[in-house]
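The following exchange examines how several structural descriptions are justified. Each answer sets a value against the criterion that applies to it.

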Amino acid sequence: MEYQYHIFSPYRVCPLGAHVDHQHGLVTGFAIDKGVDLWFDVREDSLVKLSSKTFEGDVEFHVNTPSQVKEGHWGDYARGAKYALRKRFELKRGIEGVIQGSLPVGGLSSSAAVLIAYVMAFAKANDITLQPFEVVKIASEAEREYIGLNNGLLDQACIALGKKDELLFLDCDSNEYRHIKFGGSNSGLPKQGGLEGLFEIGIFFSGLTRSLVNSDYNLRVYECKTAAWNMLAYTDQPLKTFDKTFLRDIPKATFDKTRIAMPQRFARRAEHFYSEYRRVRQGVTAWETGNLKLFGKLSFDSCESSIHNYECGSPELIAIYEIMRTLPGVYGGRFSGAGFKGACIALVDPSCKENIEKVLTEKYLEQFPEYEHTFQVFWVKPDDGARFVEV
């Protein structure tokens, strides 16, 4: 069937800035050239009719009525987008369409990509003009308030604001962001292909399915806030409500004074935040000066802290990370997404990628032969953010 409109909403990777957006930290990221495609027509009535090429079942609801309780399947993301938009705008017209994802779900923020596609589609159907950062905030609100994931703005910002040849740098406290050219200008890039000629991004899916991985994402958010509360209490400062408490608001000097007094679990979460803040600052400088080797090393260091301080990562993900650290041509990498699902990412010299895929696959399956049929490797490149594609 031919549809009038087509939105491409990319997945994203975050080389530096892991697990800190919800504490108002600093993050970096790229949109990539794989993602979610939504084809749709605008209806004259309020009905939304959707099907998926990825998941089973059809979805139907009215765009002009309040969202009901979550139903626990893929249609919740469309309802979440409606929920967040209806807080701001009157919605009269629905859409009819089909959605499809281009990679396995897990670690690339497919949920945020889907939400952004729906927000853009419902806005189009109802003649609502949104700036990219408005799309970011609406989609993030849908994920927090309707879907129930206590995320920051990292995923949505990379997806909506990404630029093909530049690194996105976002301050999740002020919401200020900028796009940074490698080496400070295009002179730092190869003459052919922009960032494409500099590196490719390897995505290594462990084969561990989402249903088998315990996600402690929301628990970690609460642990970070508890660490902040500990610091405020030990220094006799007034406490704020939990939803207004963020590690970003507490100087590292306060952490240095109080870390020994608090339970070590909370101290480790705070240590990750403060060390990641420093790594992102160093990483941005490395990127601006054209030092990909240092940028990659900082990404590896980020993953080390994710394992030891943030305590995420399955044995499978840790195995992939440890193997890729040893391989020539891998500049750096870490767990993708929250690190509770099934993928690692790496920035890789394009001339080495065939050998990297071969050796990593062999070594990983030696340790985990049970994933022989589900372990997958994909190669992707940085891309522009979510957009309408000419039909």
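The questions below concern a predicted model.

Q: Why is Cys 224 called buried?
A: The term buried applies under 20% relative accessible area. Cys 224 has a relative accessible area of 1% and is therefore buried.

Q: What makes Cys 224 too far from the closest cysteine sulfur for a bond?
A: A disulfide requires two cysteine sulfur atoms within 2.5 Å. The closest cysteine sulfur to that of Cys 224 belongs to Cys 312 and is 11 Å away, so the pair is too far apart for a bond.

Q: How is Cys 303 to be judged, as buried or exposed, and what is the distance from its sulfur to the closest cysteine sulfur?
A: Cys 303 counts as buried, because its relative accessibility is 0%. Its sulfur lies 5.9 Å from the closest cysteine sulfur, in Cys 344, which is too far for a bond. Under the 2.5 Å rule, the count of disulfides comes to 0.

Q: Why is Pro 315 classed as it is, buried or exposed?
A: Exposed means over 50% relative accessible area. Pro 315 has 58% relative accessibility, so it counts as exposed. This residue lies in helix H10 (residues 315–325). The C-alpha atoms of Pro 315 and Arg 178 are 36 Å apart in space, and the two residues are 137 apart in sequence.

Q: How do you know whether Arg 79 is buried or exposed?
A: The relative accessible area of Arg 79 is 7%, and this residue is therefore buried. Arg 79 is found in helix H1 (residues 75–86). Beyond its neighbours within four places in sequence, Arg 79 is in contact with residues including Glu 60, Phe 61, Glu 71, His 73 and Tyr 146.

Q: What makes H6 and H8 roughly perpendicular or roughly antiparallel to each other?
A: Angles of 65 to 115 degrees count as roughly perpendicular. The axes of helix H6 (residues 217–234) and helix H8 (residues 264–288) cross at roughly 95 degrees and come within 8 Å. H6 and H8 are therefore roughly perpendicular to each other. Among the residues that meet are Cys 224, Ala 227 and Met 231 in H6, and Phe 266, Ala 270 and Tyr 274 in H8.

Q: Why are H8 and H9 called roughly parallel or roughly antiparallel?
A: An angle over 145 degrees counts as roughly antiparallel. The axes of H8 and helix H9 (residues 292–308) cross at roughly 170 degrees and come within 9 Å. H8 and H9 are therefore roughly antiparallel to each other. Residues making this contact include His 272, Arg 279 and Trp 287 of H8, together with Phe 295, Leu 298 and Asp 301 of H9.

Q: Which strands stand at the edges of the sheet, and why?
A: The open sheet has 4 strands in the order E9-E10-E8-E11, with antiparallel pairing. Strand E9 (330–335) and strand E11 (376–380) each have a single partner strand, so one side of each is left without a neighbour in the sheet. The twist averages 20 degrees from one strand to the next. Strand E8 (residues 200–205) is joined to E11 by 5 bridges, and Phe 205 has Gln 376 in E11 as its bridge partner. Helix H11 (residues 353–367) lies across E8, E9, strand E10 (343–348) and E11, at about 160 degrees to E11.

Conventions
Residues numbered from 1 in each chain as written. Predicted model: local features only at pLDDT ≥ 70, side-chain atom pairs only at ≥ 80, totals over all residues. Heavy atoms only, no water. Pairing = 2+ DSSP bridges. Helix = DSSP H or I, 4+ residues; strand = E, 2+ residues; numbered from the N terminus. Axes fitted to C-alpha atoms, helices over the stretch in contact; angles between N-to-C directions. Contact = heavy atoms within 4.5 Å. Buried < 20%, exposed > 50% of the residue type's maximum accessible area, 1.4 Å probe, protein only. Parallel < 35°, antiparallel > 145°, perpendicular 65-115°, else oblique.
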